[in-house]
Amino acid sequence: MSRILVVEDDQTLREQLLELMAFEGYQGVGAEDGAQALERVHEAPPDLVLCDVGLPTLDGFSVIRQLRANPSTAETPIIVLTARQDLDTARRMRDLAVRAYITKPFALDVLLDAIHNALTDAPSSTA
Amino acid sequence: MVESVTLLLSITLQLLAAAYAWRLQRVTNRHLAWMLLVAALCLQIVRRVVSFFAVSADSALPLAEIADGLTLLISLLFLLGMASMASLMLSSEDARKKLQAEIGERHQTERALQESQRTYRTLLGNLPGMAYRCRNDADWTMEFVSEGCKALTGYPVGDLLENKRISYGSIIHPADRTQVAEAVQAGLRAKKPFQMTYRIVTATGHEKWVWEQGIGIYASGKDAVTIEGFVADITERIEAEQAMQHSEAMLRSVFRAAPIGLGIVTDRVFGLTNSQFQEMLGYSEEDLAGQSARLIYETEEEYERVGEVKYEQIDREGTGTIETRLRRKDGQIIEVLLSSSELDRNNRAAGVIFSVLDITERNRAAAALRHSEEALNKERNLLRTLIDNLPDFVYVKDIDGRFVTGNTAQVKLLGASSADALVGKTDADFYPPAIAAQFAISDSLPLKQGEPVINREEYLFDPQGSPLVILTSKIPLHDSQGAVIGLVGIGRNITERKAAEDALAKRTHALQTLHDLSVDLGMIDDLASLQTRVLERAVDLLNADMGGCIYLYQPEDDSLLLVDGLGPDKPYIGDRIKPGEGLSGRVFATQQPMFVVDYMAWDGRADVEDEFPFSAMLSVPLMWRGEAIGTLGVNADKERRRFDQDDVWLLELFAAQATTAIKNAQLFSDEHDQRDLAEMLAHTASLLSQTLDPTVVMRHILDNTGRLVEHDAATIFVREGSHVRLAFWRNYPDDMGRHVDAHQMTLDEPSLLHEVYTASQPVVIEDTQTYPHWRDLPHTDWIRSVVAAPIRSHGETIGFIVLDSATPGFFTALHANRLTMLADQAAIAIENAQLYERIQQYASELEQHVAARTRELRASEARYRAIVDDQMELVCRHTPDHKLTFVNESYCRWVGRSREDLVGADFMQFVPPAYHATLKALLASLGPDNPSIENEHPYTMPDGETRWQAWTDRAIFDEQGCVSEIQGVGRDITTRKRLENQLRRALEREMSVNELGTRFVSMAAHDLRNPLAVIRSATDLLAHYGDRMSKDEHLRKLSNIQRNVDLMVELLDDILTVGKVEAGRLEFRPETIDVVELCQGIIHELAVATASYGQVQFNPVADCSPAFLDKKLVRHMLTNLLSNAIKYSPQGTPVTFDLACDAEHVIFRIEDRGIGIPQADQRYLYEAFRRFRNVGNIPGTGLGLAIVKQSVDLHGGTIEVDSQEHKGTTFTVILPSGNRYGGKHE
């Protein structure tokens, strides 16, 4: 069962995403801010990370940069969920090699496709 | 030996018979194969024995044929083995009978043979063997030997006679010599023939067994002199005997080791028994040998019965097989299969061989099987009971669809009396033909095609006529040949579940539709199209076949306006009703949704709707922040549609979205209008700066009026005393002015302009045909509605601007307001133009005076003063170093100082220092090349007020051409400056509206998208996984959606307020209010809304006499500050609210002990959409403090903050309370 870390500060959305993970047979792990996300990664490296950008304590960019710097998560696929639509954010995400960049609001189908694609053709370093 | 052969054959036959018997009893193949092999071995031995006799005995016997037959039989046995048991059995049976017959004959023959041997002993010299006569000496010296000597010993006759070459004594095997001598001497002594068997060694060195019989010949008296006799070669016989003994030993061991019990009885007395049999019964061989078989039988009766049955069978078939019970030595009873056959068919006394197989286990297994069958029956009964008591319907039908049986539930469903009453009946006996036909179709799949029907939903009625939904499976029943003989059906009543599922599916679908609609509605900015779309969608959504209507509340006349209608409502668009009137009015007034089944029969119907042809109506209020802003209704034909609570629920949800969309569109529309207005003003302002020609300005204003207020024609009248002159016009003939002037319009008699003039306010004529004072002028007969506004300057009406329309009721109060703004603009333009004209005029006049009459002026100061004193303009003269040498009366009056005070003073002291440098430089630039300058600067009045002046300074030269004095003509331009500032502010506001728009877009990207993401994912979850969620989870999703919709509504609300402020439309309307009462009201409302009773501690430290403040703004401000304090404080910690007043100020102080505002964030405190980094998950829009700041600014007050993170925040707001705004309208 793939372990998916859901980093989202809105509690309702986070819970709904975790619920979705459960329905789809993934092991979802939640984190409400950047610091907590890094703690969860430290406990057990996930197979995939869903990450919001605007986060308290440590924003999404910093979280992703730290994940990339850590050898155990350097290759972990990351999907960004954000309300931001500006080119600058998209460009920075591309530079950080995120797997997919999904803007809110989004259809769950789109998210599930992205997760499925990321998990099936990801280099299986943790599998 | 013969006995041995007989025994062997009997055993063989017994084995075969047992094998046959056991085969029938299904003895294992291993035993069978073993027995066949043993039988084959026995036959082999018999063949060898028989073949020996065939060679050595009388050839008259058919032994050779027997041997050949046996050989063939053995081959057959091996060949056929188990595969051909029947033929094997037949063959062995035949062979046995044949052998028995022949063995009997052989017995007799052998006895005869022995007789003849003795008889012919001395006579047959050429018999095989050797006849002799020898002396009774140690060498057995031969006196005569027969010709057989050579064949027997290998020596010729001559070699033995008289021991010529070898003595007979030395031919005898050395080991047998003593025995031979003793036997001979014993015979001789007894004078009887002697017989003996011993070995000789032949000439070739081979040993041979010989049999000798001799008799002493007594010559004289006592002693035997010679011995006569016969020696025969019996080597082969001896060897055969030895082999026989060996075989018999082997056979005995086989007999003993056989895995079944074997034994022989004679007259039912035990002889030989094998160890298996002994073990089976627990007796030793010795225990049994010689005992009656009665010993092992359970009872005397059984012993007798077995004997009887067995011998009867043996007599009939040769073998007997019987099941019986035997008693072991230890008393235990065993069940056995006993098979017996006679050793000799013709001689029962020879004994009976039997075999015993322990079948106790087999019988026990059979008993266990019977037992389990009984258990199975019991279980079947249990199942039947269970099925009978199932709530599900279970039934069996035959191939023709007739009921065979049914459980209790099925019987009840069909309304039959019992299961038996079903038998032979079909569905047609219980259901109406249509339903029975439906069942026949679903039965045909299992019955005709042998395919099961799984989980098919069937719709029917119970005996009481209530509809049922049954989930049915029908499985075909097959007979042993696989042919379908019927079906078994199982049905479950899922009516309630189905109803719940349908309701859920309907709700999920409705929510999905709502979501799609909200996206759809969000795309439309234009209010009119949006209203139409909302109505269309509502009608579609509710399946309302007779259209619907939207009413929006019009606060100006407290009415509900039908802004859009579909179907029968359409012709009434534009109509108004009063709150409380009709269904929509009632819904609006009560703020509660309502539906009527038959409107025409409803007592609350409005008179105006009497003729409406529809009857089922549903209406819900459009709620915005707890207030109704209108209603949304749908209509349907009462015959076809009946609204219910579900419809109310759906339309209310939709109405919430529609309200948001409408409010949004209004915001867009307002913003659009605001932009037009600002552009228009900016345009006018730019025209003003380009020209001061009033005619041009007026034309421009007329040209641009259409951008603000639509109209068909426009005119501007100028008041000249009590007369009115048509000054400018559009869309009228060029000579219109002449026509109008001919009518000599005055303000003395009642007319439109008279009304405007006396009220000093704009007036709207909705229809000229009903306006009592309407005067038709040339070319105006087409006018049906008019709006007119006064052009006022310095509180006096100087003219009128009038717009005409051919449509009755075209103009509204809004148009009047806009026209007033335009008229004010026009007034400014006219005023400015007039001022400018006058300045121009006076300046040129002055120039002429100064140039032509300087000397004269110098000479006649008094006269000069008289001249200039009459001027309205400020006139002064001063030296190049700014000392005043002359001021006129106007100047003194204007500055409020006496001429004595002014002359000789440095006028720079009246000019604010910031302007000194510029002004000095300008004055210093005066010279022959630059004789005059113009400048504007502020002037500080004695009471401290700052006013603006515009000066034209001209240099006065002395004879040397140097500047001796400077003559200035000035005027007060404070009003113009203020107007200019207003224009500039309008421009700035326009820019800030644009900036707000930009910020709105980027903010919407985040703060609106997040709640939308929650809503979207919640609806997706409901749509995709709804069937796997519990009811609670459903409700949680719905409440997530509601909460986030509320959040968006709150946000949009704040945006509206901020939007108004930034666009400068948040008007400042002060009134006399009781501050304490207002504060208490707000505290109470917040306590209710946030469930925080008692958290706010209100201390009005002074009695604030009624202050002159804007109630709405103060409410905004305090609500935001207090709700922030509550929101960002730990629950239960007090929020202190102090209210203090002094003569001129009201002071609000709100202190909390909450999370505080980070130092770094404090400088952005009042920016819109700014939220502080420590707010975490506390919801908010980031607009509250922006609203507070703007409310304070509009009052001209101040706001201060003192905050420390984790300690708390204190806001202090100080508002002027005085009456200095009193009545003055800017």
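This tour moves through a predicted model, selection by selection.

Because the model is predicted, local features need pLDDT of at least 70 and side-chain atom pairs count only at pLDDT 80 or more, while totals for chains, interfaces and linings use all residues. Residues are numbered from 1 along each chain as its sequence is written, chains are lettered from A in the order in which they are written, and side-chain values use heavy atoms, with hydrogens and water left out.

**Chain A**

Select chain A and display the secondary structure. The chain has 5 helices and 5 strands, where helices (H or I, at least four residues) and strands (E, at least two) are DSSP runs numbered from the N terminus. Along the sequence the pattern reads β-α-β-α-β-α-β-α-β-α. Of the 127 residues in chain A, 50% are buried; buried means under 20% relative accessible area, exposed over 50% and partly exposed in between, with a 1.4 Å probe and protein chains only.

Next, select A:Phe61 and A:Arg92. A:Arg92 lies over the ring face of A:Phe61, 3.6 Å from the ring centre. The criterion for such a charge is that NZ of Lys or CZ of Arg is within 6 Å of the ring centre and within 35 degrees of the ring normal.

Then move to A:Pro105, in the loop between strand S5 (100-103) and helix H5 (108-120) of chain A. The peptide bond from A:Lys104 to A:Pro105 is cis, and its omega is near -10 degrees. Most peptide bonds are trans, and most residues other than glycine have a negative phi.

**Positive phi in chain B**

Select B:Trp140, in the loop between strand S1 (130-135) and strand S2 (142-145) of chain B. Its phi is positive, near 50 degrees, and B:Trp140 is buried at 9% relative accessibility. Continue to B:Arg268, in the loop between strand S6 (261-266) and strand S7 (269-273) of chain B. Here phi is near 60 degrees, again a positive value in a residue other than glycine, and B:Arg268 counts as buried at 12% relative accessibility.

**A hairpin and a sheet**

Select strand S3 (residues 194-201) and strand S4 (residues 207-218) of chain B, which pair in the antiparallel sense over 8 bridges. Two strands count as paired if DSSP finds at least two bridges between them. B:Thr197 has B:Trp211 in S4(B) as its bridge partner. The hairpin has 5 residues between the strands, and B:Gly205 in this hairpin has a positive phi near 85 degrees.

For the sheet, select S16 to S21 of chain B: 6 strands form an open, antiparallel sheet in the order S18-S17-S16-S21-S20-S19. Its edges are strand S18 (576-577) and strand S19 (594-596) of chain B, each pairing on one side only. S19(B) meets strand S20 (residues 616-624) of chain B through 3 antiparallel bridges, and the partner of B:Met594 in S20(B) is B:Ser619.

**Helix H18 of chain B**

Select residues 527-541 of chain B, which form helix H18. At 1.5 Å a residue its 15 residues should span 21 Å (1.5 Å times one less than the number of residues), and the end C-alpha atoms are 20 Å apart, which agrees. Colour the buried residues, among them B:Leu530, B:Val534, B:Leu535 and B:Ala538. Viewed down the axis of H18(B), the buried residues fall within an arc of 165 degrees, so they line one face of the helix; the arc is that of the directions from the helix axis to the C-beta atoms. After the helix comes B:Asn543, with a positive phi near 55 degrees.

**Aromatic pairs**

Which rings should be shown last? Over all chains there are 17 aromatic pairs, defined for rings of Phe, Tyr and Trp (its six-membered ring) with centres within 6.5 Å; planes under 30 degrees apart count as stacked, over 60 as edge-to-face and the rest as tilted. The rings of B:Tyr297 and B:Tyr303 have centres 5.5 Å apart and planes at 55 degrees, so this pair is tilted. B:Tyr297 is buried at 4% relative accessibility, as is B:Tyr303 at 12%.

Select B:Tyr915 and B:Trp948 for an edge-to-face pair, 5.9 Å centre to centre with 85 degrees between the planes. B:Tyr915 lies in the loop between helix H27 (899-902) and helix H28 (916-924), and B:Trp948 in strand S30 (residues 946-957), 33 residues apart in chain B. Add B:Lys977, whose charged end sits over the ring of B:Trp948, 4.3 Å from its centre. Finally, select B:Phe270, B:Phe277 and B:Phe354, which ring pairs link into a cluster.
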